[in-house]
Amino acid sequence: MALADLLETKNAQRTLAAVVSGALHLTIFIIAFVLGGTQDGIGSNEESFAQLVLIEAPEVDRAEGIELRPVEPMQAAALPAEISIAPPELPLPASEAVRSEPADAEITPPDIPTQPQPAVVALVTPPEATFLASIQEQTSLPQRLAKLAEELQNKPETPLQWEQDGKQYTARMVWERARDGTALDRVVAEVSASDHGKLMSTRIMLKRLAFSQFTQVVDRWDPMVQLHDDVIVGRFHSNSQFNVYHDSRVGPKFLGKVTTAARSFEMSARGRGRQSDIFAGGIETHTNRINLPQSLQPFAWAPYDPEARIHQLTDDTRIRFFADGSYMWRTSNAPGSGYLNKPSEHPVYFVGNMGSTLYVQGVVAGNILVYSPTKIVIEDDLTYANDPRRDPSSRDYLGLVSDRYIEIASPGMTGPGDLTIHAAIFAGRRFVVRDIDHPRSATLKIFGSLSAGSLSASEPRYATEIEYDNRFEQRRPPGFPMTTRFEAEGWNGQWVKSSERMADDML
């Protein structure tokens with residue numbers, strides 16, 4: 001037989017053997033699948049299985065007298081169609097996924113190429129052009145606005161226009177009333193200016209000054225009273241001429257700005273003394289008056305507060321405060337007393353009736369106002385539980401307000417030594433120190449403020465020191481009266497360039 005015929009014959013044999021083997025395997029698989037559950041050796045609860053048995057064809061890989069090289073394995077895709085026979089697979093439910101890994105193996109999701117994100121381009125707004133006001137304007141503009149706010153309290157919608165140093169100014173006042181009895185009224189002044197065709201705008205904040213923001217305010221100075229051995233730290237104002245006396249030993253010291261509506265003040269001296277040593281913060285005469293209000297009733301100066309605690313006192317009453325926030329009161333002319341050990345986070349008001357005198361002393365913890373239409377008498381030290389000079393976070397405030405008199409009790413009641421008062425005091429008619437001829441051995445120390453229609457002398461019983469409570473710049477005791485004066489809270493002196501439309505919108 002020729003070699004080519006031999007190879008052809010052998011190839012045919014191989015093909016036939018492969019077909020027979022595949023058919024046999026398929027038959028065995030079907031039998032095992034159908035009858036596997038009932039064969040001996042397989043329990044009814046065991047899983048059926050099929051074992052694929054490969055049967056060799058002995059002649060397939062041998063040729064007579066010829067050594068053939070081993071056939072390289074072929075890829076399934078390269079096999080002829082007629083010999084690419086595979087056992088049929090059973091269909092799986094649609095919800096199943098074909099898995100080659102164990103059921104509990106973690107499947108790593110395939111890497112999905114991410115689409116490049118477009119770069120985010122930030123829109124940069126060019127800074128607004130700003131202009132610094134002149135030194136003169138930084139002073140004059142807030143002062144003018146403060147004066148306008150004082151004049152227009154009852155006409156808040158009045159349009160404002162004026163010219164100064166070649167500039168045309170327009171302004172609009174936005175009024176913000178105090179939200180509670182301890183806050184201050186404020187005004188936002190929105191101002192535009194035109195300077196040789198250049199339009200500019202700015203905003204200046206103003207606050208209404210409470211009487212507690214002055215260390216001392218006196219309406220009518222008693223000509224028999226002189227400021228001598230006195231130290232006043234903070235603002236001082238008098239609506240009338242006041243008297244200053246210094247000698248070689250001692251003299252008054254004003255450590256804040258002094259203003260008076262009078263054209264001058266009266267100074268008496270023995271020995272040498274310089275005015276600058278007395279008025280360290282400067283003095284200004286012929287200023288506007290600070291008129292005292294007609295009504296001092298606290299609820300005329302505080303919006304309604306449903307959380308406030310109000311004690312209405314119909315008779316003469318002694319009130320004593322304690323450092324834990326509790327207090328007690330005792331009525332003098334009628335039986336009855338009270339004690340309340342419930343400190344309050346909200347304002348507490350003691351309101352006396354006409355004709356009643358309220359006597360006070362103790363250690364105050366909380367936010368308290370004592371008001372009498374007639375008289376308040378301070379019988380002993382009246383201090384804060386937390387002195388704000390040592391504890392800036394102190395929330396203790398006390399206001400003493402009377403339409404007529406506030407007095408310092410006689411030495412038999414206050415005792416010897418210094419008398420210390422932490423409070424904002426307002427005596428509509430007069431602040432009085434009793435028995436001033438008592439041999440002087442002490443100092444009356446007030447930390448807060450003192451406003452009065454007039455003052456009695458305190459010497460020789462007391463030298464006087466009045467130190468301002470800086471917290472009053474932002475808050476006041478509840479219901480404490482306010483002045484008609486306004487003051488700029490702060491202005492950086494910056495104008496912002498604006499379009500004509502922006503300037504019109506501000507107004």
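This passage describes the overall make-up of a predicted protein model and then turns to one residue, the nonpolar cores and a set of paired strands.

The protein comprises 507 residues, of which 42% count as buried, and its secondary structure consists of 5 helices and 29 strands. When contacts between residues at least 6 apart in sequence are considered, 63% of them join residues at least 24 apart. The exposed surface of the protein amounts to about 29700 Å², and carbon and sulfur atoms supply 52% of that area.

Thr260 belongs to strand 11, which spans residues 258-260. Because its relative accessibility is 0%, under the 20% cut-off, Thr260 counts as buried. Leaving aside residues up to four places away in sequence, Thr260 touches His237, Ser238, Ser240 and Phe242, together with Glu284, Thr285, His286 and Thr287. Two of these neighbours present backbone oxygens to the side chain of Thr260: that of Ser238 lies 3.1 Å from a polar atom of this side chain, and that of Ser240 lies 3.3 Å from a polar atom of the side chain. Ile290, which is 30 residues from Thr260 in sequence, is placed 9.4 Å from Thr260, C-alpha to C-alpha.

Phe242, a contact of Thr260, is also one of the four residues that touch the most other members of the largest nonpolar core, a set of 69 residues; the others are Val370, Leu400 and Phe431. Strand 24 (residues 419-427) gives the most to this core, contributing 7 residues. Apart from the largest core lies another, of 23 residues, including Leu145, Leu152, Trp162 and Phe486. With residues up to four places away in sequence again left out, the contacts of Phe242 include the aromatic residues Trp221, Phe236, Phe254, Phe265 and Phe279, as well as Leu227, Val258 and Ile283, and they extend to Thr260 and Glu266. In soluble globular proteins, nonpolar side chains tend to be buried together.

Strand 4 (residues 186-195) is largely enclosed by the rest of the structure, because 9 of its 10 residues are buried. On one side of the pairing scheme, strand 3 (residues 167-176) runs antiparallel to strand 4 and is joined to it by 9 bridges, with Glu190 of strand 4 serving as the bridge partner of Arg172. Strand 4 also pairs in the antiparallel sense with strand 5 (residues 198-210), over 10 bridges, and here the bridge partner of Glu190 is Arg203. Strand 4 and strand 5 form a hairpin with 2 residues between them, and His196 in the turn has a positive phi of about 55 degrees.

Definitions and conventions. Residues numbered from 1 in each chain as written. Predicted model: local features only at pLDDT ≥ 70, side-chain atom pairs only at ≥ 80, totals over all residues. Heavy atoms only, no water. Helix = DSSP H or I, 4+ residues; strand = E, 2+ residues; numbered from the N terminus. Buried < 20%, exposed > 50% of the residue type's maximum accessible area, 1.4 Å probe, protein only. Contact = heavy atoms within 4.5 Å. Areas by Shrake-Rupley, 256 points an atom, 1.4 Å probe, with all protein chains shown as cover. Polar contact = N/O pair within 3.5 Å; in protein donor to acceptor, adjacent residues only side chain to side chain. Core = buried A, V, L, I, M, F, W, Y, C linked by side-chain atoms within 4.5 Å. Pairing = 2+ DSSP bridges.
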